[in-house]
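Colleague: Could you take a close look at one part of this model for me? I'd like the aromatic pairing, and then whatever surrounds it.

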Amino acid sequence: MSDSLLEFRDVRSGYGEAVVLDGVSFELKEGSSLALLGRNGVGKSTLLLTVMGFVNVARGAIFWRGQDISRMAPYKRSR
């Protein structure tokens, strides 16, 4: 099992034709913290909506504890 809690690998997502996140990659290890900072309109809310499953991943992958959740429905991710 991976020691990563959450991992984004080259994620692209957005709304329709509008790309908001492009090439986002990070790894959050078990027991660590992450701060999401930025001015208005830079993709903070889109990143959160993408990890929750309310915005589709067009490219890349999201992993939760080593499991790919990129195409998983929001109600399944919450479990």
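Modeller: Here is a walk outward from the aromatic rings to the sheet, the helix and the core. Keep in mind that this is a predicted model.

There is one aromatic pair in the structure. It is made by Phe8 and Phe26: the ring centres sit 4.8 Å apart and the planes meet at 20°, so the pair counts as stacked, the cut-off for that label being planes under 30 degrees apart. Phe8 belongs to strand E1 (residues 4–15) and Phe26 to strand E2 (residues 18–29), so the stack ties together parts that are 18 residues apart in sequence. Both rings belong to buried residues, if you take the cut-off of under 20% relative accessible area: Phe8 has 1%, and Phe26 has 18%.

Now the sheet that carries the pair. Four strands make an open sheet, ordered E2-E1-E3-E4, with antiparallel pairing. The edges are taken by E2 and strand E4 (67–68); each has a single partner strand, so one side of each has no neighbour in the sheet. The two strands holding the rings, E1 and E2, pair in the antiparallel sense over nine bridges. One spot to look at there is Glu7, which stands opposite Glu27 in E2.

Glu7 deserves a moment of its own. This residue is in strand E1 and counts as buried, at 15% relative accessibility. Its side chain makes a polar contact of 2.9 Å with the side chain of Arg9. Not counting residues up to four places away in sequence, Glu7 touches Phe26, Glu27, Ala61, Ile62 and Phe63, so one member of the stacked pair, Phe26, is on that list.

On to E3: six bridges join E1 to E3, again antiparallel, and Arg12 has Arg59 as its bridge partner in E3. E3 then pairs with E4 through two bridges, also antiparallel, with Phe63 standing opposite Asp68 in E4. The hairpin of E3 and E4 has two residues between the strands, and Arg65 takes a positive phi near 50° there.

Helix H1 (residues 44–52) lies across E1, E2 and strand E3 (57–64), at about 115° to E1. For a residue of E1 to inspect here, try Ser13, which is buried at 1% relative accessibility. Leaving aside neighbours within four places in sequence, the contacts of Ser13 include Val19, Val20 and Leu21, along with Thr46, Thr50 and Val57.

Finally, the core. In soluble globular proteins, nonpolar side chains tend to be buried together. In this model the largest nonpolar core has twelve residues: Leu6, Phe8, Val11, Leu21, Val24, Phe26, Leu28, Leu47, Val51, Val57, Ile62 and Ile69. E1, E2, H1 and E3 each supply at least two of them, and the largest share, four residues, comes from E2. Both rings of the stack, Phe8 and Phe26, are on the core list. Ile62 is another member, and it has plenty to browse: setting aside residues within four places in sequence, its contacts include Leu6, Glu7, Phe8, Val11, Val51, Val57 and Ile69. So if you start from Phe8, you can step to Ile62 by direct contact.

Notes: Residues numbered from 1 in each chain as written. Predicted model: local features only at pLDDT ≥ 70, side-chain atom pairs only at ≥ 80, totals over all residues. Heavy atoms only, no water. Phe/Tyr/Trp six-rings, centres within 6.5 Å; stacked < 30°, edge-to-face > 60°. Buried < 20%, exposed > 50% of the residue type's maximum accessible area, 1.4 Å probe, protein only. Pairing = 2+ DSSP bridges. Contact = heavy atoms within 4.5 Å. Axes fitted to C-alpha atoms, helices over the stretch in contact; angles between N-to-C directions. Polar contact = N/O pair within 3.5 Å; in protein donor to acceptor, adjacent residues only side chain to side chain. Core = buried A, V, L, I, M, F, W, Y, C linked by side-chain atoms within 4.5 Å.
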